[in-house]
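Open the model in your viewer and switch to a cartoon view. The tour goes from one hairpin outward to the sheet around it.

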Amino acid sequence: MNIKFLKANNGDSILISFHDSEEVKRNILIDGGMPQTYYNSGQNNNGDLYYTIEDIKTRGESIDLLVLTHIDEDHIGGILKWIEFDEEAHQIIKKVWFNSGKTIAKYFNEKENEDLNVYLDIFRSKETSIRQGKFFEDYIENHNIWDKEILKSGKTANYKGLIIRILSPNELSLSKLQREYKKTKDELYTNGSDNDWSNHILDFINQEEKSNFKFEKDNSVTNGSSIAFVLTFKEKSFLFLGDSHPEVILASLKELGYDKINPIKVELLKISHHGSCKNTSKELLEVIETENYVISTSSESHNHPDKRTLSRIINKNPNATIYFNYDEVRKSIFSNKDFQDFQNLYAKNTSEYTTEWE
C-alpha cells in the first residue's frame, strides 16, 4: 500500500493506492486540498492534484472511492476546481462519500440549510461560451457516483478488501452543522494568530502538567462534521482524522473497545486539522499506539501546526517519527534545544508512505 500526501497548501489531499485480492490496482482519494492543489490561477500552473489525476488516467485506473470529509475549502476546493476544468472528471470517479446539506436535512427530517449547498462553476458547454453553474450534489447524483448515504460514527464498510470504520461525525456533529452553519467570508488566507514555534517542546510539556491547565476545544461545526475513519487492510490499520474533534474520535474508539490500557494499534496516524492544538488532546493520544504521525499543511494560514500539538505527541511517544508534507515546515518548527531535549525525535519530510506485507 502506498499513501501519498499531496502538497495541498494549507489543506488535505491524500491518495491511498493498493492492489485488491485480484491484484487490481485501486485508488482512494481523501479530499482535494485548496483550489490551487489542482490549478493555481494566480501563477497559471497545475498543482499536485492535477498531476496525480493525470497519472491515474494514463495508467487506465480510476478513483475507486472519493472521500470528501467536509465542506471547508481547504478540503473540497481542489476537487471543485478539477470538476470545473475537466468535463470528463466524473468518468474516472466510481463512488463518492459525502455528507451533503440535502442528505443531512433529510436524515433529520428538517428544512434544508441552504448555506450548506456547494456551488460549481463548471465547464463551458458546446452550445455556449458561458460557463454553467450548478450544485456539486446534483453533479455527483446525476452522474450516478453518489448513493447519498449518511456517513457517521458506527458505520463499517468493506470496500475492495479494505475495512473502513467511521469514527466521525456523530449524530450531534451532523445536527450542529445542519442547524448552526452559516456561510461566511472565506478566512482561510488570513492568519488568525502568530504561531507558537519559538517556544520549546519541553516548556509546553511542563506547562500542561500543571493542575490548572485546561484543554481548549475546536468549536467549528464544519470541522466537527468531518469524516474520520480507521482503515484496515491485511491486518494493518491506518487512522485518518480529517479535521475531526478529539472528543468524538475518543468516544468512537471507546465504543470499539479501545482505551489507554488497550490502545488501538495503527501503522500511521494522520493528525487532525493540520496539527491544531484544539483537535489533538492528551486523552486521545493515549488511546492510539503508533510510531508514525503525519502533519499535512504548508502553514500558509492559521499558522498550523501548533507546536503545542507536537509537544503532546512527543510527551506521549518520545520515539515518534513526525512526517511533514512540506519540508519548510519541518525545518522551521523545531529548535536545536528540542532535538537536544529529545534526542530520539525524528522529523521527516515525506510525500509518500509505503507499507509492504510479507
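Select β12 and β13 (strands are DSSP E runs of at least two residues, helices H or I runs of at least four, numbered from the N terminus). The two strands form a hairpin with 2 residues between them, and K234 in the turn has a positive phi of about 50°. This is a predicted model: local features need pLDDT of at least 70, side-chain atom pairs pLDDT 80 or more, while totals for chains, interfaces and linings use all residues. Residues count from 1 along each chain as its sequence is written, and side-chain values use heavy atoms, without hydrogens and water.

Now show V230. In β13 (residues 236–240), its bridge partner is L239. On the β11 side, R165 stands opposite V230. β12 runs antiparallel to β11, with 5 bridges, and antiparallel to β13, also with 5 bridges. Strands count as paired if DSSP finds at least two bridges between them.

Colour β12 by burial (buried: under 20% relative accessible area; exposed: over 50%; partly exposed: in between; 1.4 Å probe, protein chains only). 6 of its 6 residues are buried. A228, V230 and T232 point one way, F229, L231 and F233 the other.

Add helix α8 (residues 246–255). This helix lies across β11 and β12, at about 130° to β11. Axes are lines fitted to C-alpha atoms, for helices over the stretch in contact (heavy atoms within 4.5 Å), and angles run from 0 to 180 degrees between N-to-C directions.

Zoom out. The open sheet has 8 strands, ordered β10-β11-β12-β13-β15-β17-β18-β19, with mixed pairing. β10 and β19 stand at the edges, each with a single partner strand, so one side of each lacks a neighbour in the sheet.
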